[in-house]
Amino acid sequence: MAKISKEMTVGQVLALDRSSARVFLEYGMTCLGCPHATAESIAQAGAVHGVDVDALIEALNKHFGE
């Protein structure tokens, strides 16, 4: 089971499991294919999009735990 952290990039998470995209989309993070997805951490991307990063990380870890 993968452990997702705020320091990981969106791209790293998607590389582990492409179906995790739905979790990002549920949180309003729609730029999954943009260049920033491979450069910015989830924390940085969440701040730009006004996302509750802690809730997103919790949801991602739940997704990977399923």
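**Close-up 1. K6 and D54 join up in a salt bridge.** In this predicted model, the K6 and D54 side chains come together with an N to O distance of 2.8 Å. K6 sits in the segment before α1 (10-16), while D54 belongs to helix α4 (residues 53-65), so this pair ties together parts that are 48 residues apart in sequence. Both ends have some exposure: K6 is partly exposed at 33% relative accessible area, and D54 is partly exposed at 49%. Searching the whole structure turns up two salt bridges; the other partners come next.

**Close-up 2. R22 pairs with E26 in a salt bridge.** Here the closest N and O atoms are 3.3 Å apart. R22 and E26 are four residues apart in helix α2 (residues 21-26), which puts about one helical turn between them. R22 is partly exposed, with a relative accessible area of 40%, whereas E26 counts as exposed at 56%.

**Close-up 3. Helix α3 has a buried side and a side turned away from it.** Which residues of α3 (residues 42-49) are buried? They are I42, A45 and G46. Looking down the axis of α3, these buried residues fall within an arc of 100 degrees, so they line one face of the helix. Covering them are parts of the structure that include α1, α2 and α4. Swing round to the face turned away from the buried side and you meet the exposed residues A47 and V48.

**Close-up 4. G50 follows α3.** Just past the helix, G50 has a positive phi, near 65 degrees.

Methods
Residues numbered from 1 in each chain as written. Predicted model: local features only at pLDDT ≥ 70, side-chain atom pairs only at ≥ 80, totals over all residues. Heavy atoms only, no water. Salt bridge = Lys/Arg side-chain N within 4 Å of Asp/Glu carboxyl O. Helix = DSSP H or I, 4+ residues; strand = E, 2+ residues; numbered from the N terminus. Buried < 20%, exposed > 50% of the residue type's maximum accessible area, 1.4 Å probe, protein only. Arc of directions from axis to C-beta. Contact = heavy atoms within 4.5 Å.
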